[in-house]
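Me: Hi! Could you walk me through how the pieces of this fold sit together?

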Amino acid sequence: MPSLELRTNVPVKDAKAFIQDFSQFAATLLGKPLAYIAASYTYNETLAWNGTFEPAFLLNIVSLDNINPEANEKYSKELFQYFEEKLGITGSRGYISFHDPGRAYLGHKGTTFSAIFGGK
């Protein structure tokens, strides 16, 4: 775990290559093994921000045991920099939602992460 769902109105030439790069970046940033990273990219030409279709994004992150106010500040800063560099999206045209559902509320391999790694 984590999962990262990116929606943007910025098309990329090679979505698979972009997601591979983004997945590696996310694994390093979040301190999680790449084997647990699930990432998706959805192009949505109708994503509007402030009534315009200039480059914008919405990112939802679900991750266990590393979502907290201090870490989220770091994650936000680095993710906004990444999206500006890779997609040309300025920092005022995106939202990032951070969510840690708790180990008992996230399923994997027919059970929950609470059963796999212990409660929390």
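**Helices and sheet**

Reply: Happy to! Helix 2 (residues 69–87) lies across strand 1, strand 3 and strand 4. Helices (H or I, at least four residues) and strands (E, at least two) are DSSP runs, numbered from the N terminus. This is a predicted model, where local features need pLDDT of at least 70, side-chain atom pairs count only at pLDDT 80 or more, and totals for chains, interfaces and linings use all residues. Residues are numbered from 1 along each chain as its sequence is written, and side-chain values use heavy atoms, with hydrogens and water left out.

Me: At about what angle does helix 2 run to strand 4?

Reply: Axes are lines fitted to C-alpha atoms, for helices over the stretch in contact (heavy atoms within 4.5 Å). Angles run from 0 to 180 degrees between N-to-C directions. For helix 2 and strand 4 the value is about 140 degrees.

Me: What is the strand order of the open sheet?

Reply: Two strands pair if DSSP finds at least two bridges between them. Strand 1 pairs with strand 3 in the antiparallel sense over six bridges, and with strand 2 in the parallel sense, also over six bridges. The pairing is thus mixed, and the order of the four strands is 2-1-3-4.

Me: Which strands are the edge strands?

Reply: An edge strand here pairs on one side only. The two are strand 2 (38–43) and strand 4 (94–99).

Me: Which residue in strand 2 is the bridge partner of R7?

Reply: On the strand 3 side, R7 stands opposite L58. In strand 2, its bridge partner is T42.
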